[in-house]
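Work through the exercises below with the sequence and the 3D view open. Try each task before reading its solution.

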Amino acid sequence: MGKSSKDKRDLYYRKAKEQGYRARSAFKLLQLNEQFHFLDDPNLKRVVDLCAAPGSWSQVLSRKLFTEDPDKENTKDKKIIAVDLQPMSPIDNVITLQADITHPKTLAKILELFGNEKADFVCSDGAPDVTGLHDLDEYVQQQLIMSALQLTTCILKTGGTFIAKIFRGRDIDLLYSQLGFLFKRVICAKPRSSRGTSLEAFIVCMDYSPPKNWFPELDVNKSVTEFFEGCMVTKDESSNDILPAWVEEDRVIAEFMSCGGLDSYDSDATYHIDDDLSSNIAKISLDPVQMPTNPPYKKALELKRSGKLTRAI
Amino acid sequence: MKEISHHGPGLCVKFYDEFVYAGYGPYIEQYNYKSGELINRCRVFRKNKVHGISISSNGYILAYGARSAAVCSLSDISDNVSILQEERLLAEWITCGEFSADGNKVFLLTCYNKVIISDIIGTIIGVKTIKGERSILYSGSIKPFSDELVYISAGTVMGGVLVWNLYEESIVHNLKGHEGSIFYSTISDNGKYLASCSDDRSIRLWDLKTGAELTIGWGHTARIWNLKFFQDDRKIISVSEDCTCRVWDIIVDEDGKSVLLQQSNIYEVHQIKNVWGVDVNSDHMIAVTSGNDGRLKITDLIQTSRTGKETGSFSIQKIQDELDIPFEKGEIIKGFQWFSFGLIAVTSFGKILKYGDVNKKWTLELEDKRFSSFVIVSGISSKNIAIFMNNKADILLLRFDAVGNLQLSSDYNIKGLKKSTNCLVSIFDRKSIILLLESPNPRDRLIFLKIDNYNLDILQEFRFNRPDNFVTTCMEAFEDYILLGSRFSTIGIFNLKGSDVDPYLIRKLTPGDTITSVSFVEIEKKLPIFSVTNRDGYFNFITIDLKRSSCKRVHFSVLHSNKVSKGFLEGAYIDDKNQYITYGFKSSLFYMYNETNCYEIMSEPCGGAHRQWNLFPDGRGFVLVYIKASDLHYRKIREPRFPAVLKNGLHGREIRDISILKSQPYKNGYLFCTASEDTTVRLSHFDQDTGDITNYWLQRKHVSGLQRCKFINHHLMISCSAREELFLWDIDQDSSSRPYISTRATLPTSSDIPDLRIMDFDVKFLLNSDSFLLATVYSDSVIKVWSFDEATNKFALLIEGRYETCCLLNVKLESVAKQLYLITTPTDGHVVVYNITDYIPYELADNFQFLLENFNECKTLPLPNYITKFLVHQSGIKTFCTDSESLPRTIKIFTGGDDNAIAMNILKVDADSLGIISSSSSFIEDAASSTITSISLFDKNRKLMMTSVDQLVKVWDVTGDDLVPIDKRYTTIADTGSLDVVTLEDSSTLSLIGGVGISLWKLAF
Ligand SMILES: C[S@@+](CC[C@H](N)C(=O)[O-])C[C@H]1O[C@@H](n2cnc3c(N)ncnc32)[C@H](O)[C@@H]1O
């Protein structure tokens, strides 16, 4: 999410700046909420925001739960926990944790922070570093979701909502089918603020109801796949002594819903500075919305700038 | 529906015996790396790609990728088209697979740090893990030292490499130092080292015993994907997102205490992005790499030292010592010419020296003081003739025999030039050569001397007037004509048989300044074709009708126009495999580049273009001679010992659009073009039986990622992209050697918004003409209609307007009932219809297929309001196609959306009112599980083919009121985004499907 010239012209980018959000992603959550109203529930108290950096979703959650609550005194029992691999600068009323959500130990830590209480809502906007190997990138993305889901099953109250970012690649129908074991309703939603050219969309999983005969139990020695064994069985499991042969797995197509309304800005369009609808926010100066990150390749960039890395010898 | 061929990313490569095994999509391809021959292509997985290959000492091969794994014997891979029955499916992604030391067991490391041990037939023997370390891995490797000792190295997403002992299930080291995800780690055979790389772009070498970080290698400018120890663990090769592979020497100092990783060579091996796989054959010292561009590349790691005779360099001192004659103070080499016997050079004091390439000795041939202060050396290597000229128009010609003995010398003084500063030579015919003498004085005439190449007599002299602004830079002789390249991008043509004293001139042929080469290529339709290069990187192929030309008018046309990707272009030629080879300079490197298949042949760090240099053909290849730091260097460039590529590949990034030139077949297949995210357009050919792809040209005129490309008639093509770029291309197919493609016109841009994208276009031709009406739609909701005039090659804007503010994705021009409709689909899910009949200076011909001029005044009109719009999809309509022929007064509109749906919509034109009645007749909301990216009608508009991002290809019957599915296949092309269909004479259908790669399908129903 660098500040390229495209971003500068992007109206959601400007709008985020205007409203004090750290990233334009905030509008994705807001537009999802416009459609599904999961954040408008007066009983919403405890939420988890996974893969949260730089933190615009946490900001939205903090505003909904605290700032915009008419009963401002009613902060008892309210809790927002935000987790990311990257460090995050503090946000009011949000507990932040720097950790890998695929690590079972991280989930154990979040459970600890919640004590014995259940969460009302879990979201994950996680996206791995894209390598360019489409199948790997899609797999890792789905694993982030499975890790988020693992936590969700340990912490979400029955009937609660889980939302997560997905990339609608080749195995997305496999994921839909797996989610069907845990939620009564699964919808694939695309907010207007998410670019039409990207594969990004969000799964909105409503009415959490795990299978009766399956009891989620976090074990730090088990991977997420092992955690879900027995919950999402779609194939013959008898083969613990032989590498299973290839089978066609169950696939389901989730209902698609576009959200954000047709009057909202189109993230694929090029707007003119003098377009009416953007005039009020066009004037906003364009400093980076979010704090500068600390990329792992910082040293390499420095070396490159000083001419120490070359393409030729 | 059957897949005939697949071209896409190659993820892994392995040398074994005389073969290279490559994981190529769901296939393993086996090549003989000595002959380059493809031995077999065997399908190993149904949907997954082969990410890794391991071969056991007893002849078994293990392939793994995503959650699939398969084991079979090597002969199974050589002999079968498929071994799908061996495919196994695990619950987790397989990060690495390896055979045990004795070859009887298989280890599979999953991305959750678990190792499954099985026997060859898949019986599970054991499962091993590390307690509490079950987070996701991006990489890992398995090192079986013996049957008892196996190490696992696992790369986590948070900078750590976990080394663990498989059978003891205990952690050996947790190596910390890297930042970001670890993308690869590997242990050396001798057990001394572990090498790793991460998102931080460094390579780290660790002491496997102590776990200490020994050294860091910086160099790659992007992420590193793979590492390999070779040559007895003394070297490492790395491959990266920066398209290079690099060799690192592990340098251990004498007391064995400190270790250094020193980058010893860099090879640019793949295009645009990502080299994934690498292996080295240490016996032959060659590397094989595979990349996102689908290329399998062989790199000679000892290209310049294979025979020990490839290079040489001499200091003045060295030459002097060897000759044992004193040189003057400051005496230097001023010029040289290479021959098959060696080198002839002249010093600044007129010493003409010979270096014998066989006896490796320098001798003084003769001394001629006339050539001491100023001298130009040239010659014809194949005729063993060297030529020297000074600034007083004295010329000396020397002829040698094949082994370098001087046979004859001849000298002349040419009258009529005040000064001579330029001398060029070229073969004229079998018996003679032609010499050009040029003066710095623009009023002096240009003098050509025709010289007998045996007795060195001047046979004839020609004098021509020198045109204004003409400074000769290169020369080519063709029949009775001499073609001179000049600065200011000018070519002068001199007719030696004619009576003209003025040349014919072609001015401003390409952008840029100096023409660096003009060379005859072939005869097409009785006319010669020349390749012309410009130092600023542009090159053209032009055909000239010399007989019809005169000083007043040159009859020529540009068949091909393009430019090189970077650097200076000094020359080019067609090699014996019909490939176009360019050469020149890239910063301090001299390079030779295979332009047809887009790879570097060689490069030499010679210091840059300002050096004194020349490239000489010597019968066995080329010899580059240059002077650097006053030393004389030569480098021989020979046919590579091993084939440079095993497979050519296509684009480095996603293919956004494909168009087949359907009007006529070309060499047992069709020409097609592809528009890619990598900003290039390619013109290629596919063979309809084998599916093999031949690359012809890679066009670099666009500077932004492509949106669309489409053949609009039998020789014109349009491509468009972001930054408001739209080009009209002309394809010439008359030559039997290769097609040519040139830019014919550029659409004017309208705004100062740099990122305004042209999303789509459509055309309608004038009857019997190359003039057409063009509709373009933009990302700022603007719609424009233009007329293109074939005579002037200009676009004129006829209609301009804006729909709303949302982005427009597609446009079509359709005519029914003598009305012309512009149909567009914005991101808001609507189909929007405009009637533009009265807004264009044309009327429709009787069959509605063409336009007729009706001589209205041409001026820009505002776009009228749309006559109808209707909502079909929830969000953007990504793709649509129309059919106005199947039903009278009706346009069928097929749409595919971001919402997983496809629809058939009917537009009926009311006969009297010409009003439109629209309806959606069929809507399939779950046509795919993700975005529909491309649809196309075929079989006389009776069937519809569709692709979606979930990698499905579906075919629908569209003859009824409902869309009826008839076939569905999985494609291994990721990011499936484009397709085109062609129906053959035998009424079978071929389809190209593009995304990250391309595949050819044959359809028969
Ligand atoms: C698109 S950003 C989230 C933006 C955020 N929702 C906001 O509104 O500011 C995706 C984040 O996923 C995080 N991420 C990726 N893999 C992760 C992992 N394994 N554990 C925790 N966070 C992860 C990345 O560090 C990145 O910050």
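**Exercise 1: A hairpin in chain B**

In S37(B), B:Asn413 is the bridge partner of B:Asp394. The model is predicted. Task: find how many bridges join strand S36 to strand S37 of chain B, and which glycine in the turn has a positive phi.

Solution.
- Step 1. Locate the strands. S36 covers residues 394-400 of chain B, and S37 covers residues 406-413.
- Step 2. Count the bridges. Seven of them join the two strands, which run antiparallel.
- Step 3. Look at the turn. The hairpin has five residues between its strands. B:Gly404 in this turn has a positive phi of about 100 degrees.

**Exercise 2: Another hairpin**

Task: describe the pairing of strands S12 and S13 of chain B, and state what phi B:Gly122 takes.

Solution.
- Step 1. Strand S12 spans residues 114-119 of chain B, and strand S13 spans 124-129. They run antiparallel, joined by five bridges.
- Step 2. Take one bridge. B:Ser118 has B:Ile124 in S13(B) as its partner.
- Step 3. Check the link. Four residues lie between the strands of this hairpin. B:Gly122 takes a positive phi near 100 degrees.

**Exercise 3: Two open sheets in chain B**

Task: for the sheet S22-S23-S24-S25 and the sheet S42-S43-S44-S45, give the pairing sense. Then name the edge strands of each.

Solution.
- Step 1. Start with S22-S23-S24-S25. This open sheet has four strands with antiparallel pairing.
- Step 2. Find its edges. Strand S22 (224-230) and strand S25 (259-268) of chain B each pair on one side only. The twist averages 25 degrees from one strand to the next.
- Step 3. Zoom in on one pair. S24 (residues 244-252) of chain B and S25(B) pair in the antiparallel sense over nine bridges. Here B:Val247 stands opposite B:Asn265 in S25(B).
- Step 4. Turn to S42-S43-S44-S45. This open sheet also has four strands and antiparallel pairing.
- Step 5. Find its edges. They are strand S42 (472-478) and strand S45 (504-506) of chain B. On average, neighbouring strands are turned by 20 degrees against each other, direction ignored.
- Step 6. Inspect one pair. S42(B) and strand S43 (residues 481-486) of chain B run antiparallel, with six bridges. B:Met475 is paired with B:Leu484 in S43(B).

**Exercise 4: The ligand site**

Task: say which residues come nearest the ligand. Then find what lies 2.8 Å from a nitrogen atom of the ligand.

Solution.
- Step 1. List the neighbours. There are 19 residues around the ligand. A:Gly55, A:Ser56, A:Asp84, A:Asp100 and A:Asp125 come nearest.
- Step 2. Sort the shell by class. It has 10 nonpolar, six polar and three charged residues.
- Step 3. Check the polar contacts. An N or O atom in the side chain of A:Asp125 is 2.8 Å from a nitrogen atom of the ligand. A polar side-chain atom of A:Asp100 lies 2.9 Å from a ligand nitrogen atom. A polar backbone atom of A:Ala52 is 3.4 Å from an oxygen atom of the ligand.
- Step 4. Add the area. The ligand taken alone exposes 600 Å², and the protein buries 90% of that.

**Exercise 5: Backbone exceptions and a ring pair**

Task: locate the cis peptide bond at A:Pro54 and the positive phi at B:Leu456. Then explain why the rings of A:Tyr12 and A:Tyr265 are edge-to-face.

Solution.
- Step 1. The cis bond joins A:Ala53 and A:Pro54, with omega about 0 degrees. A:Pro54 is in the loop between strand S1 (46-50) and helix H4 (56-67) of chain A.
- Step 2. B:Leu456 is not a glycine, yet its phi is positive, near 60 degrees. B:Leu456 is in the loop between strand S40 (446-452) and strand S41 (458-464) of chain B.
- Step 3. Count the aromatic pairs. There are 61 over all chains.
- Step 4. Take A:Tyr12 and A:Tyr265. Their ring centres are 5.7 Å apart. Their planes stand at 75 degrees, so the pair is edge-to-face; the cut-off is over 60.
- Step 5. Place both rings. A:Tyr12 is in helix H2 (residues 11-19) of chain A. A:Tyr265 is in the loop between strand S8 (255-259) and helix H9 (279-282) of chain A. The pair links distant parts of the chain, 253 residues apart.

Terms used: Residues numbered from 1 in each chain as written. Chains lettered and ligands numbered in written order. Predicted model: local features only at pLDDT ≥ 70, side-chain atom pairs only at ≥ 80, totals over all residues. Heavy atoms only, no water. Near = heavy atom within 4 Å. Polar contact = N/O pair within 3.5 Å; in protein donor to acceptor, adjacent residues only side chain to side chain. Areas by Shrake-Rupley, 256 points an atom, 1.4 Å probe, with all protein chains shown as cover. Nonpolar A, V, L, I, M, F, W, Y, C, P; charged D, E, K, R; others polar. Pairing = 2+ DSSP bridges. Axes fitted to C-alpha atoms, helices over the stretch in contact; angles between N-to-C directions. Phe/Tyr/Trp six-rings, centres within 6.5 Å; stacked < 30°, edge-to-face > 60°.
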